[in-house]
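Q: Could you walk me through reading a structure, feature by feature?

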Amino acid sequence: MTARFTFNNRVCVLTGATGGIGRQLAHLLAAEHARLILCGRREDALETLKAELPDKSVVGLCAGSLDDAVILDRLVAYGMEKQCSVLINLLGINQLADFTDMDGQAVNQLVRTNLVTPMQLTRRLLPVLTRQPTAMVTNIGSVFGHIGHPGYVAYCATKFGLRGFSEALRREVADTCVSVVHVEPRATKTAMNDGPARALNDALGNHEDEPAEVAGEILTAMRRRRPMTVLGWPERFFVSLNQILPGVVDKALRGKLAIVRRHLVARPAQTTSAPNRNR
Ligand SMILES: NC(=O)c1ccc[n+]([C@@H]2O[C@H](COP(=O)([O-])OP(=O)(O)OC[C@H]3O[C@@H](n4cnc5c(N)ncnc54)[C@H](OP(=O)(O)O)[C@@H]3O)[C@@H](O)[C@H]2O)c1
């Protein structure tokens, strides 16, 4: 049996640290005596989190959008300087919308933040990770990376992509010291679900987990080096059903389409008729 992965004294890069799940995970990792490099867009939220954590558990803060090459370079430099052995790609954004109503910029942003940025960060940190005795890359996907859902077309595409990235990477680094762990939460009570997304979850009867619970499940998956974890029941059942009998899930979601449509956020009316390929 493979030994449990432990965090004592390891340098862990945690993106999305200022979010609902990220803050909880930072606390759990600090309690395991990890040394954290925390990243989020909001500097004030990072400073607040650092102040809440035990002394000396935070060895670096990286504030700003990781979609920005300067911020990404800064985080990579911290990770290399501190010899990180764990990278947790937790950052993410979402938008509940009719796909044809989304503007091109919003689609690009979702793909960039949820898929391209985690891939680039992983690619840049792998050389330092592979130099450690043992190391780990953990990607946080979503149940929507296994089940395509109306209203979340672009988000689902990014999370399906992230799952493929985790699987292929795991197989490519199988002969190195790096384990690749992929965790797929279901709906969780965080800012990501504020507003219309929460109303839709209520209307569909979707359970929302507490962020502390989800962070605990992520830590467990990492300790056990589990390649793939889907959180929640009946979501795990629907993931299997969708793989074996996708037509059944098509039919079930077709029955819910009217409810989904009532909760979609309409795009403001266009003010220009100029062609824009990116729109
Ligand atoms: N909540 C759910 O229902 C749910 C379900 C399944 C999967 N997930 C996944 O779980 C992860 C965490 O989500 P959450 O619920 O904790 O969401 P959240 O509370 O909205 O937190 C999102 C985090 O990502 C950071 N972030 C977003 N864009 C960024 C960028 N361009 N550069 C750097 N950081 C960026 C945010 O920074 P700031 O706070 O500083 O802006 C924040 O720390 C995401 O990958 C999400 O897709 C969430």
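Q: Which residue has a backbone N or O atom 2.8 Å from an oxygen atom of the ligand?
A: Arg42 does. Such a pair is a polar contact, that is, two N or O atoms within 3.5 Å; within protein, one must be able to donate a hydrogen and the other to accept it, and residues adjacent in sequence count only if both atoms are side-chain atoms. A backbone N or O atom of Leu90 lies 2.9 Å from a ligand oxygen. Thr190 uses its side chain, with an N or O atom 2.6 Å from an oxygen atom of the ligand. The protein covers 93% of the 910 Å² of accessible area that the ligand has on its own (Shrake-Rupley method, 1.4 Å probe; for residues, only the protein chains shown count as cover).

Q: What are the ground rules for these values?
A: This is a predicted model, where local features need pLDDT of at least 70, side-chain atom pairs count only at pLDDT 80 or more, and totals for chains, interfaces and linings use all residues. Residues are numbered from 1 along each chain as its sequence is written, and side-chain values use heavy atoms, with hydrogens and water left out.

Q: How many residues surround the ligand?
A: A residue is near the ligand if one of its heavy atoms lies within 4 Å of it. Here 30 residues surround the ligand, and the closest are Thr18, Arg42, Tyr155, Thr190 and Asn193. By class, the shell has eleven nonpolar, 14 polar and five charged residues. Nonpolar means Ala, Val, Leu, Ile, Met, Phe, Trp, Tyr, Cys and Pro; charged means Asp, Glu, Lys and Arg; the others, Gly among them, are polar.

Q: How many disulfides are there?
A: A disulfide is a covalent bond between the sulfur atoms of two cysteines. The test is a pair of cysteine sulfur atoms within 2.5 Å. The count here is zero. For Cys62, the nearest cysteine sulfur, that of Cys39, is 5.1 Å away.

Q: Why is Cys177 not bonded to Cys84?
A: Because the sulfur of Cys177 is 11 Å from that of Cys84, its closest cysteine sulfur, which is too far for a bond.

Q: In strand S1, which residues point one way and which the other?
A: In a regular strand the side chains alternate between the two faces of the sheet. In S1 (residues 11-14), Val11 and Val13 point one way, Cys12 and Leu14 the other, and all are buried. Buried means under 20% relative accessible area, exposed over 50%, partly exposed in between (1.4 Å probe, protein chains only). Strands are DSSP runs of E, at least two residues; helices are runs of H or I, at least four; both are numbered from the N terminus. Two strands pair if DSSP finds at least two bridges between them. S1 pairs with S2 (residues 35-40) in the parallel sense over four bridges, and Cys12 stands opposite Leu36.

Q: Why is strand S6 largely enclosed by the rest of the structure?
A: Because seven of the seven residues of S6 (residues 178-184) are buried. Six bridges join S6 to S5 (residues 135-140), and the two run parallel. Ile140 stands opposite Val183.

Q: Where is there a cis peptide bond?
A: Most residues other than glycine have a negative phi, and most peptide bonds are trans. A cis bond joins Trp233 and Pro234, with omega about 20°.

Q: What is the phi of Lys56?
A: Near 70°, a positive value in a residue other than glycine. Lys56 lies in the loop between H2 (43-52) and S3 (58-63). Lys56 is exposed, at 78% relative accessible area.
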